[in-house]
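Work through the exercises below with the structure in view. Each task is followed by a solution in steps.

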Amino acid sequence: TLAAAGAEGVGLFPSEHLFTEGTKTPKEEEQFACYRAIADAIAPMRLDVRLFDIGGDKLLYSPVKEINPNLGWRGIRILLDLPEILDTQIRAILQANTHGNIDSLIPMVMSLHEIRTVRESVERQFAELQAERDGQITQPGIGAMIELPAAVELIEEITQCVDFISIGTNDLTQYTLAVDRNNVIVQDLFDRFHPAVMRQVHRIIQVANKNHCCAMMCGDMASDSLALPFLLGCGLRNFSVVVSEIAELKAHVARYALAETEALAQESLALNNPAAIKARLEAFQAAH
């Protein structure tokens, strides 16, 4: 179970896994049954449902073959263009949220308008459901995936209008460095320890904490033991990783003093190349 593994909830449920037969959108009843089953099983722990992150390298819905799908019609862009999909998913989440432990996470955020549109859908569907039924339902918290440099630039405003954020480090690295993470030709340039990525991560966490907005991280950096003390030193306290990695990461955390991770973070942020940053993190790890 999650609790036995040391987990405190499901930090990111990729709901696009509910798509079947390539482009068949799951029905409201199917979605409700899935979300309700998970929420019931883990209550009172939290379930963060990422709204359908379709498009990009997940070619589940787009009827056209895009030249560069990662820069095209994907994530929240599709949901805003096809509001019936968004509204159906929100409605299923609301009906499943009888324990009040489901939150929704918006993928590929690049503007406050996207967040406001999702919030309007939540409020509209909530009002309709309240009128239709007597059962207890609770509005889900609304979170934003921070995976685009545009979102980083808007992080002050974003963290003031959502309940939480999740830093998607794989896409954030990809878009910051203009390196397609699925392109083998430039794989050597895809580096989560690039100073531009590290400094953005630090900024995101610091601003979120200042604004009392819960910050979480998913993606490869979240489960990287080398990055862990740096992230702790930046102020990150919530990590979304696969269950099998939880025990090892918690064991690492137990060996660190907060003050020394904060010093490490400042030292790392002052370095200007990935090799130097990794060398400093490796030295820190070796000393513990």
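**Exercise 1.** In this predicted model, find the residues in contact with Ile165, leaving aside its neighbours within four places in sequence.

*Solution.* Start from Ile165 and list its contacts: Ala144, Ile146, Ile155, Ile158, Thr159, Ile204, Ala208, Cys213, Cys214, Ala215 and Met216. Next, place Ile165 in the largest nonpolar core, which has 84 residues. Ile165 is among the residues with the most contacts inside that core, together with Tyr35, Ile146, Ile158, Val201 and Phe230. Finally, note another core lying apart from this one; its six residues include Leu12, Leu105, Met145 and Phe164.

**Exercise 2.** Determine how helix H8 (residues 169–177) is oriented to helix H9 (residues 195–210).

*Solution.* The two axes come within 10 Å and cross at roughly 125°. H8 and H9 are therefore oblique to each other. The crossing of H8 past H9 is right-handed. On the H8 side the contact is made by Leu172, Thr173, Thr176 and Leu177, and on the H9 side by Ala196, Val197, Gln200, Val201 and Ile204. Sorted by class, these residues are six nonpolar, three polar and no charged.

**Exercise 3.** Do the same for helix H12 (residues 258–269) and helix H13 (residues 274–286).

*Solution.* H12 and H13 pack at an angle of about 160°, and their axes are 10 Å apart. An angle over 145 degrees counts as roughly antiparallel, so H12 is roughly antiparallel to H13. H12 passes H13 in a right-handed crossing. H12 contributes Glu260, Thr261, Leu264, Glu267 and Ser268 to the contact, while H13 contributes Ile277, Arg280, Leu281 and Phe284. The classes are four nonpolar, two polar and three charged residues.

Definitions and conventions
Residues numbered from 1 in each chain as written. Predicted model: local features only at pLDDT ≥ 70, side-chain atom pairs only at ≥ 80, totals over all residues. Heavy atoms only, no water. Axes fitted to C-alpha atoms, helices over the stretch in contact; angles between N-to-C directions. Helix = DSSP H or I, 4+ residues; strand = E, 2+ residues; numbered from the N terminus. Parallel < 35°, antiparallel > 145°, perpendicular 65-115°, else oblique. Left-handed = near helix turned anticlockwise from the far one by under 90°. Contact = heavy atoms within 4.5 Å. Nonpolar A, V, L, I, M, F, W, Y, C, P; charged D, E, K, R; others polar. Core = buried A, V, L, I, M, F, W, Y, C linked by side-chain atoms within 4.5 Å. Buried < 20%, exposed > 50% of the residue type's maximum accessible area, 1.4 Å probe, protein only.
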